[in-house]
Amino acid sequence: MTVTLNHYLLLSMVLFSIGVMGVLLRRNIIIVLMSLELIFNAANLSLAAFSYYLQSINGMVFVVFSITVAAAEVAVGLAILVAVFRFRKTVYIDELNQMRG
Amino acid sequence: MFDIIWLIPLFPLTGAVANALAGARIGRKAIGWIGCSAVALAFLVATVLFFRLTGLPPDQRSATVTMFGWIASGGFQIDAVFLADPLSILMALVVSGVGFLIHVYSVGYMHDDRGFGRYFSFLNLFVFFMLVLVLSGDFLVMFFGWEGVGLCSYLLIGFWYEKKSASDAGKKAFIVNRVGDFGFIIGILLLFWSVAGQGVQSLRFDAVFDAARHLPPHTLTLVTALLFAGAIGKSAQFPLHVWLPDAMEGPTPVSALIHAATMVTAGVYMVARNSVLFTLAPVTGEVVAGLGIFTALFAATIGLVQNDIKKVLAYSTVSQLGYMFAAVGVGAFSAGIFHLMTHAFFKGLLFLGAGSVIHAMSGEQDMQRMGGLYRPLKATAITFIIGAVAIAGIPPLSGFWSKDEILYEVFRRGHPVLWAAGLLTAAMTAFYIFRQVFLIFSGPSRADEHTRSHIHESPRVMTVPLIVLAASAAIAGVFGFPFFKGGSPLHHFLSPVFAGGVHHAGAVAEEAAAGHGATAFILMGVSVVAAVTGILLAAFLYAEPFRRRAPSGLHPEVLAKRFTRLHNLLLNKYYVDEIYGKLIVDPLTRAARTCLSFDLSVIDGLVNGTGWLTRLTAWFSHQFDIYIVDGLVNSLATLVRYSSGVWRGLQTGYLQNYALIFVVGVLLMIAGVLVVI
């Protein structure tokens with residue numbers, strides 16, 4: 001059987017859902033960040049798939065930019081994470097509720 | 001010729017400033033040298049001027065020396081001007097001469113005092129002001145000196161200011177003098193106001209006296225009466241005599257210099273200086289003479305019973321000043337000045353002698369605790385007795401001539417009543433002064449053992465001035481000796497000053513020529529008899545060998561018992577102080593208390609009421625602030641707080657809550673889009 005667009009989109013949806021579940025359910029902020037990466041990559045995958053399907057270079061360009069931005073964003077996110085850890089001595093986000101109203 | 005006259009007051013002023021500034025550093029010896037030499041130099045200059053003056057013909061013996069302009073306002077001009085004429089130079093000689101001897105004496109008397117430098121500074125300052133007073137050629141300059149000597153008197157009476165009685169006495173002297181000086185300055189102002197009407201915009205003696213001849217008599221009477229009020233205060237005449245006995249709280253040389261020899265005679269000098277005015281106002285002259293003799297008699301009676309060695313001399317001074325006023329009052333100005341001069345010698349001597357006795361008795365002043373001091377204090381005793389004989393009026397010592405001349409002039413000018421009172425006073429004078437001599441020097445010693453063992457003659461620095469003064473007191477009568485050809489030399493010397501008044505030019509010569517006829521000799525005899533009677537009475541009462549032979553009943557205690565009320569009256573000085581206390585001091589105190597209670601109730605009430613009102617307003621303001629202003633702010637905050645409650649619940653702070661809402665929202669949006677499409 002051939003791999004069609006739907007397969008890619010299905011995979012993308014699965015990855016996206018796993019990512020969202022990870023973000024919503026895990027306590028460890030590192031895992032949350034990793035789950036965010038999964039969401040990113042699900043989106044990238046669907047972009048790449050559509051680019052190939054529509055034979056348009058635009059999607060590829062989007063993907064490259066998105067990965068670049070994601071890398072930068074992960075760097076910033078990890079830096080904040082390290083700073084938070086140093087300050088609060090914890091990586092569990094249910095303990096990081098200082099901002100409640 | 002008289003340009004150097006300003007040196008006379010300058011030397012004592014320099015001495016005063018030098019001792020005031022450097023007195024703490026230069027040691028007692030240097031202080032004494034500065035103080036004495038300053039006065040000695042003044043005396044020297046005065047002597048030089050005296051001889052220059054006598055070198056001139058009598059009618060030219062008056063020169064004014066203008067130093068600098070003092071006050072100039074429009075046409076009105078007051079200069080610091082000195083006057084050199086027989087009267088002023090004679091006074092300068094007496095002041096600086098007696099002043100010098102008393103300064104020398106003070107070196108010994110004050111030797112152990114802490115305030116040695118301060119003392120000499122004040123004493124020199126006093127001599128400065130006194131010389132300004134007698135040498136001034138202008139009423140205001142005279143007033144400057146007049147007030148200055150008052151100040152120095154205050155400073156020196158209260159010299160031992162740690163003693164309450166001394167500082168009180170100083171205040172009393174100053175305040176009582178204020179009463180007289182008020183009259184004096186009003187008199188000067190009235191005089192200026194009157195002569196200004198004549199176009200004279202000055203207070204110089206010569207200008208004023210010239211203009212005064214054209215003034216109406218009642219104005220002159222008022223002016224002279226006011227001037228005499230100043231003299232009453234300064235020269236301690238009744239009723240302002242109360243300060244002088246209290247002034248004895250000061251050091252004894254001060255009593256001798258200020259309160260016997262010089263300052264208190266300033267009133268007599270002032271009346272004599274204004275002889276022109278006083279002869280133009282005969283009514284005031286009568287008052288002056290009458291009050292003078294009254295004071296003489298009044299003070300002499302008090303002096304009869306006093307037991308304090310200095311108080312006797314103080315009342316004696318008041319009494320003798322009364323004599324001088326009697327003389328100048330009846331117009332015998334040179335007789336008054338003559339007595340002023342001899343009195344300066346013998347009363348200065350008596351005070352210094354008393355100081356020497358007090359010194360020997362370790363500060364004891366009560367004559368009842370003395371006695372028998374003749375042998376241990378020979379020099380003091382002999383000089384004191386010479387002074388006593390002089391004041392008692394026994395010829396040929398000076399007091400006889402001056403006192404007799406006054407009595408003669410009073411009698412001759414038609415005041416037999418005053419003469420009789422003066423004669424009685426003379427007898428009393430002889431009595432109280434010899435009572436004092438006998439109590440101090442004769443009989444057994446009544447001192448306690450401790451004091452007796454310390455009795456010693458004073459050092460030479462104190463006895464030498466006593467001897468010089470005793471010699472002066474003995475022979476000074478020569479100057480007023482009436483038997484010289486052409487009358488007494490002093491009279492002659494002073495005549496240019498006093499000739500300007502009623503006495504037209506010939507009168508003086510006429511007077512002198514009339515001289516002392518048979519009446520004069522009879523009066524002399526009577527006054528000698530009075531003086532001897534006084535002395536004998538004192539001897540029978542107080543001197544040992546006479547006392548035993550005295551008739552029964554002639555004994556101090558018996559007499560005191562027999563005349564208890566009179567004795568008490570005299571012992572309490574006629575209750576004048578008490579009367580002043582009741583009439584003036586008490587009402588003043590009561591008025592002050594009334595003012596105090598007014599202050600406490602009304603003024604303080606107002607202030608406190610205002611404070612209370614402010615507090616009340618502040619309380620209301622506070623309540624308004626708390627309940628209204630704060631209430632508004634708080635209720636606004638509360639409103640915000642409750643209204644925000646729902647939305648605050650959303651802000652859980654849990655990241656995953658937000659993410660969940662986010663996801664649910666996205667899903668709802670997608671669902672919405674799907675439904676719509």
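Student: How many salt bridges does the structure hold over all chains?

Tutor: There are 15 over all chains, a salt bridge being a side-chain nitrogen of Lys or Arg within 4 Å of a carboxyl oxygen of Asp or Glu. The model is predicted, so local features need pLDDT of at least 70 and side-chain atom pairs count only at pLDDT 80 or more, while totals for chains, interfaces and linings use all residues. Residues are numbered from 1 along each chain as its sequence is written, chains are lettered from A and ligands numbered from 1 in the order in which they are written, and side-chain values use heavy atoms, with hydrogens and water left out.

Student: Why is the pair D85(B) and R273(B) called a salt bridge?

Tutor: Their side chains meet at 2.9 Å, N to O, and the cut-off is 4 Å, so the pair qualifies.

Student: Which parts of chain B does that pair tie together?

Tutor: D85(B) lies in the loop between β2 (76-84) and α3 (86-109), and R273(B) lies in helix α11 (residues 266-273), so the tied parts are 188 residues apart in sequence. Helices (H or I, at least four residues) and strands (E, at least two) are DSSP runs, numbered from the N terminus.

Student: What makes D85(B) buried or exposed?

Tutor: Its relative accessible area is 5%. Buried means under 20%, exposed over 50%, and partly exposed in between (1.4 Å probe, protein chains only), so D85(B) is buried. R273(B), at 4%, also counts as buried.

Student: How do you know that R178(B) and E147(B) form a salt bridge?

Tutor: The closest N and O atoms are 3.1 Å apart, which is within the cut-off. R178(B) is in helix α6 (residues 164-197) and E147(B) in helix α5 (residues 139-157), 31 residues apart. At 30% relative accessible area, R178(B) is partly exposed. E147(B), R178(B) and D181(B) are linked in a network of salt bridges.

Student: Where do R412(B) and E409(B) lie?

Tutor: Both lie in helix α17 (residues 398-412) of chain B, 3 residues apart, about one turn of the helix. Their side chains meet in a salt bridge at 3.1 Å, N to O. R412(B) is partly exposed at 37%, whereas E409(B) is buried at 6%.

Student: How many residues does the contact take from chain A and from chain B?

Tutor: It takes 14 residues from chain A and 11 residues from chain B, contact meaning heavy atoms within 4.5 Å. The count of salt bridges between the two chains is 0.
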